[in-house]
Structure formats: C-alpha cells, structure tokens
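Reader: I am new to this structure and would like a close look at a single part of it. Could you take me through the pairing of aromatic rings, and set that part within the chain as a whole?

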Amino acid sequence: MCEPIDTLTFAKRGGRKQIVLPDGTSSWVLSRARVDNTMVKAIARGFRWRKLLETGVHATVEDIAAAEKINASYVSRVLRLTLLAPHIVEAIIDGRQGSEITLAALMKPFPVEWERQCSYLAISKADSAR
C-alpha cells in the first residue's frame with residue numbers, strides 16, 4: 001500500500017506560484033540557460049569559414065564572401081569570432097554568457113589577448129564558468 005502524501009503548500013515568488021515541499025524546501029528550479037542561437041550560429045559559421053581558408057578551399061575572405069553571396073566585411077567580422085577565448089565560446093554555446101555579451105558587441109573589434117577580452121567584455125572567468 002502507498003504511504004499518504006503530505007499536503008502541498010504554495011508560495012508566491014516573483015508573481016508566480018511555487019510549490020513548497022513537505023520538508024520545507026523549495027521546488028524552485030533554477031532558470032535554464034538561454035542559448036543565443038544567433039551567436040552560436042555566427043561562431044560556428046566563423047569556424048567553418050576559417051577551416052575553408054586553412055584547407056585551401058577558399059584563398060581569401062573575398063572568395064568566401066562571393067561563394068556565400070554576402071559582404072566580405074561581414075565575413076571578416078564573423079571570422080574574428082574564432083579569436084575569442086575558449087571559455088567565452090563555451091559560455092556562449094552553453095548559454096551562460098552574461099547579458100553584456102551580444103552578437104552586436106562581438107562584431108565590434110575586440111582584443112585578441114584572452115585576458116584582455118574578459119576586461120573588454122566586462123566579464124571574469126568565474127562569470128563565464130557559472
């Protein structure tokens with residue numbers, strides 16, 4: 001036979017109802033990471049284009065731009081994303097990047113040194129490792 005279930009109680013948190021478990025703990029689940037698919041796609045595109053350059057499929061940024069039927073300037077800015085520090089790329093892919101990291105911000109020139117990128121983007125390694 002099943003054991004009886006204790007009564008459930010509800011609490012309001014941030015305008016939402018939340019279940020309070022019988023032991024007094026919250027059923028509140030941390031919000032899921034929000035992956036910015038546009039940023040992830042841009043980073044993936046940059047790495048794909050870099051591979052095309054490295055393997056000799058395309059010789060120049062202009063060749064890639066012509067093949068993709070886009071502006072060479074855009075190709076250059078997206079290729080720059082391959083210079084981001086690995087922990088920043090991982091945070092973006094996992095959806096752990098802070099609100100200060102946007103595609104618009106990343107499309108502007110940023111330092112190539114990984115440590116300087118963190119200060120330029122106003123983040124720390126601890127923030128991106130959340």
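Author: Please keep in mind throughout that this is a predicted model. To set the scene, the chain holds seven helices and two strands, and read along the sequence these elements follow the pattern β-β-α-α-α-α-α-α-α. The chain has 130 residues, of which 30% are buried, while the area that the chain exposes comes to about 9,100 Å², with carbon and sulfur atoms supplying 57% of it.

Against that background, a search of the whole structure turns up one aromatic pair. Its partners are W49 and Y74, whose rings meet edge-to-face, with 6.3 Å from centre to centre and 80 degrees between the planes. The angle counts as edge-to-face because it is over 60 degrees. W49 belongs to helix α1, which covers residues 37–54, and Y74 belongs to helix α3, which covers residues 72–80, so the pair ties together parts that lie 25 residues apart in sequence.

The surroundings of each partner can be described in turn. W49 is buried, with a relative accessible area of 0%, whereas Y74, at 24% relative accessibility, counts as partly exposed. Y74 is therefore not classed as buried, since that label requires a value under 20%.

Finally, it helps to look at separation along the sequence for the chain as a whole: among contacts with a separation of 6 or more, 54% are accounted for by residues 24 or more positions apart.

Definitions and conventions: Residues are numbered from 1 along each chain as its sequence is written. This is a predicted model: local features need pLDDT of at least 70, side-chain atom pairs count only at pLDDT 80 or more; totals for chains, interfaces and linings use all residues. Side-chain values use heavy atoms; hydrogens and water are left out. Helices (H or I, at least four residues) and strands (E, at least two) are DSSP runs, numbered from the N terminus. Buried means under 20% relative accessible area, exposed over 50%, partly exposed in between (1.4 Å probe, protein chains only). Contact means heavy atoms within 4.5 Å. Accessible areas come from the Shrake-Rupley method with a 1.4 Å probe; for residues, only the protein chains shown count as cover. Rings of Phe, Tyr and Trp (its six-membered ring) pair if their centres lie within 6.5 Å; planes under 30 degrees apart count as stacked, over 60 as edge-to-face and the rest as tilted.
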